[in-house]
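User: I have a structure open here and I'm new to this. Could you walk me through it?

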Amino acid sequence: MIPELGHFALILALLLSVAQAGFALTGAAGGNSAFMTVGISAARGQFIFTGIAFLCLGYAFYANDFSVLYVASNSNSALPLQYRLSAVWGGHEGSMLLWTTTLALWTMAVTIFSRHLPEVFRARLIGTMGLISIGFLAFILFSSNPFDRLIPAALDGRDLNPLLQDPGMVYHPPVLYMGYVGFSVAFGFAIAALLGGELTQEWARWTRTWTTVAWMFLTVGIAFGSKWAYYELGWGGWWFWDAVENASFMPWLVGTALIHSLAVTEKRDAFKLWTVLLAILAFSLSLLGTFLVRSGVLTSVHAFATDPRRGLFILVFLGLVVGGALILFAIRAPRVGLGGKFGMVSRESFLLTNNVIMIAAAGVVMLGTLYPLFLDALGMGKISVGPPYFDTVFVPVMVPAIFLMGLAIFARWKNAELPALMLRLKWAFAISVVTALLLPFVMGKWTPLIALGLLMALWIVTTAMVNLSDRLKKREAGRLKSFIGLPRAYQGMIVAHLGVAVFIVGVTMVKGYEVEKDMRMSPGDTANVGGYDFHFDGIKEEPGPNYMAARGHFTITRNGSPVAVMEPEKRMYTVQSMPMTEAAISEGFTNDLYVSLGEPVGEQAWAVRIYIKPFVQWIWAGCMMMAAGGFLALLDPRYRRRNKKTMEEGAA
Amino acid sequence: MKSRHKRFALIGFGLVAIGIAAALVLNAFRSNLVFFYTPTQVANHEAPTGTSFRIGGLVEQGSLKRAENSLDAHFFVTDTAKRMEVVYSGILPDLFKEGKGVVAQGKLGEDGIFRADTVLAKHDENYMPPEAAEALKQAGALNEKTGKTLVTPQSTKQ
């Protein structure tokens, strides 16, 4: 009964989303206030019914209702509760439902927090989001219904893929989707601006808040995924340039460009068209990501087996959304206007250059991700583009961007003097270069890439510090007190930029100094890796809730003093009879120790993988700092100011 | 210089920069493409020696041999028509099994032995790596149903 209720709620949600788009958009076109209000109410109703459907599916998993095909394929009665619940998005149908539910949630939030926007603009925004909801709800109902019954019911479920039975499964997908789908608000904003033919600073400020929230979620979501891959896949990598990772990274790059471009639009009334285009692009890439991941064209943990109809549906939908938005852009762009002018050397021009670099970086990633798929689709053979391509290309593309990042925070709006800038920053530059050149020697290995990575990180830190002390000098109070007194948006910028530096340090150190060793070990053996002694004490069998584990016991010492005890596991999940490696990681500020078990080789011996990963935690810490920077910026009071003037203008 | 000239110079500079960047990207792209060959193609000497490529197929039953004192693994990969010998040193992925699909990346030696530096296996019991499936399909031995996949690199030796 409950699954049918869920199914019915989804149908109602689809009808309501049609009403949402129809009433809001026609109301906005004809200036019909009543229609627009109906559209907004429909959007709220749509949220309620999509939410009900989502809860119904969750209940089916909770109650182990194996008469529902989707539950039977992705759960099992022995599966612990938290994984049963996260199994809701463990397969194709459920993750599409999560997508739609997230969209409905964002739409609901927009209807609540957009009261001060002009009525017509607001209606167009919500109407556009309604169009997207229609697409996804129709997709779920016609090709991926999670409520399909399985008759006769299965005795027990086929279980969730053991790879997904991890705390990461509980928060990675929802957070990532909040980010992906959150760009739909920026998209709706761009479409509304194009339809209305104008874009004010006030609206840009409003959108900036929403885009920043979405970007924060995306940043954190990607970081979660990366961390998860690091400890779960058993070989210690944190980023594989896997097509699915790229699918989330491309919208992130464009989203990062967008929040900077929105800053210019808000402050200087410039970059208007560029902002609109980026907003369209960011969401289009989110959709492209959804297509890549959900259509089954990719080979990865994230791609579920699917039938080609689904891929085709998403592809057509993608074409309609992107094509429609771009056509609208081509027709209406001249009416929005370019916005304010600026000099060749100015904060605007630096930001614009960095924006272009971000787009170029996204393009480079896209080339490497899509080209093999195109060749395959055209039947021209199977090729793969490996991490070496991305590594070689991505670094040189980002270097100028990082350099400009340091300069841009000093440049004045509209017009800045390059010589004065260079003079101001000569010490920052000198210190960065000297330290970057010398530090690797101290650490025992010098390569150009390590020096370059350190230079980039140091440049960000030193320029940020110089900038900060300039700001603080102007204030009377003590340093700390005056830092707290600075505008939140400025603090957020500094924290986020320092996050980039921390991230770069992590990447540079891991790439430069990691030690990896695969070896054969018997109980009693000791291996010395990177100055640590790993003593293999033995292995014993431990039953888990739905698996059997062989748990190794390692004692790690350094110069005779104990460092850690590590217990990596090899698990055999009983339902799917699938082996899984659970690495043991001892996290540290400057070093992670990583031990994972391979397979038994010979009587007592095991293949053992031991890694030393220097500064690897800094990678995720850096991402968290970027997100924290976004959060600080959101606290800036100017985003909460309800501008009366806008409301009057809107009414007029 | 007039401002008009300045602008032209700037645009010119921009175009040159974009051109160089594009050339570098495409060059890096071309030199990092990894092509795929089936065991039959390798047997017919269609595969290059000295450059890295991928092979796919099934791990032949009973062919996996571990060295006594190292992590060297020998096995044969077959597309049911032809077989080839593969050597890999390191930890094999969890789902590497005799009789199951596998994809390996590495170089073909003069002796005809394929030295793999990466071995990929599937991620789930029900699926087969697409390259492996492709190899079997070309050899005409594939049951349609096993054509989809979930793979992720699980074993890489740097």
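Analyst: Let me begin with a term, since two residues are said to be in contact if their C-beta atoms, placed from the backbone, lie within 7 Å. Please also keep in mind that this is a predicted model. With that meaning of contact, among the contacts in chain B between residues at least 6 apart in sequence, 58% join residues at least 24 apart.

User: OK, and how many helices and strands are there in chain B?

Analyst: Chain B has three helices and eight strands, and if you read along its sequence they follow the pattern α-β-α-β-β-β-β-β-β-α-β.

User: What percentage of chain B counts as buried?

Analyst: Of the 158 residues in chain B, 41% count as buried. Strand 2 of chain B, residues 53-59, is a good place to look, because seven of its seven residues are buried and the strand is therefore largely enclosed by the rest of the structure.

User: Which way do strand 1 and strand 2 of chain B pair?

Analyst: Strand 1 of chain B, which covers residues 33-37, pairs with strand 2 of chain B in the parallel sense over two bridges, and Tyr37(B) stands opposite Ile55(B) of strand 2 there.

User: And how many bridges link strand 2 of chain B to strand 6 and to strand 4?

Analyst: With strand 6 of chain B, residues 101-108, strand 2 pairs in the antiparallel sense over six bridges. Strand 4 of chain B, residues 72-78, also runs antiparallel to strand 2, and two bridges join them. Leu58(B) is a useful residue to find on your screen, since it stands opposite Gly101(B) in strand 6 and opposite Thr78(B) in strand 4.

User: Switching to chain A: what angle do helix 1 and helix 2 cross at?

Analyst: The axes of helix 1 (residues 2-30) and helix 2 (residues 33-62) of chain A cross at roughly 160 degrees and come within 7 Å of each other. Angles over 145 degrees count as roughly antiparallel, which means that helix 1 of chain A is roughly antiparallel to helix 2 of chain A. The residues of the contact of these helices divide into 25 nonpolar, nine polar and no charged, and helix 1 passes helix 2 in a left-handed crossing.

User: What order do the strands take in the open sheet of chain A?

Analyst: That open sheet of four strands has the order 2-11-10-9, with antiparallel pairing. Its edge strands are strand 2 (515-521) and strand 9 (584-586) of chain A, each of which pairs on one side only. Neighbouring strands of the sheet are turned by 15 degrees against each other on average, if direction is ignored. Within the sheet, strand 10 (residues 591-600) and strand 11 (residues 606-614) of chain A pair over eight bridges, and Asn591(A) stands opposite Pro614(A) in strand 11.

User: Is Leu593(A) buried or exposed?

Analyst: Leu593(A), which is in strand 10 of chain A, is buried, because 23 other C-beta atoms lie within 10 Å, where the cut-off for buried is 20 or more. Leaving out residues up to four places away in sequence, the residues that Leu593(A) touches include Tyr532(A), Met566(A) and Ile612(A).

User: And how many C-beta atoms surround Pro388(A) within 10 Å?

Analyst: Pro388(A) has 14 other C-beta atoms within 10 Å and is partly exposed. You will find Pro388(A) in helix 13 of chain A, residues 387-408, and its C-alpha atom is separated by 9.4 Å from that of Trp241(A), although the two are 147 residues apart along the chain.

Definitions and conventions: Residues numbered from 1 in each chain as written. Chains lettered and ligands numbered in written order. Predicted model: local features only at pLDDT ≥ 70, side-chain atom pairs only at ≥ 80, totals over all residues. Axes fitted to C-alpha atoms, helices over the stretch in contact; angles between N-to-C directions. Parallel < 35°, antiparallel > 145°, perpendicular 65-115°, else oblique. Left-handed = near helix turned anticlockwise from the far one by under 90°. Nonpolar A, V, L, I, M, F, W, Y, C, P; charged D, E, K, R; others polar. Buried ≥ 20, exposed ≤ 12 C-beta atoms within 10 Å, placed from the backbone. Pairing = 2+ DSSP bridges.
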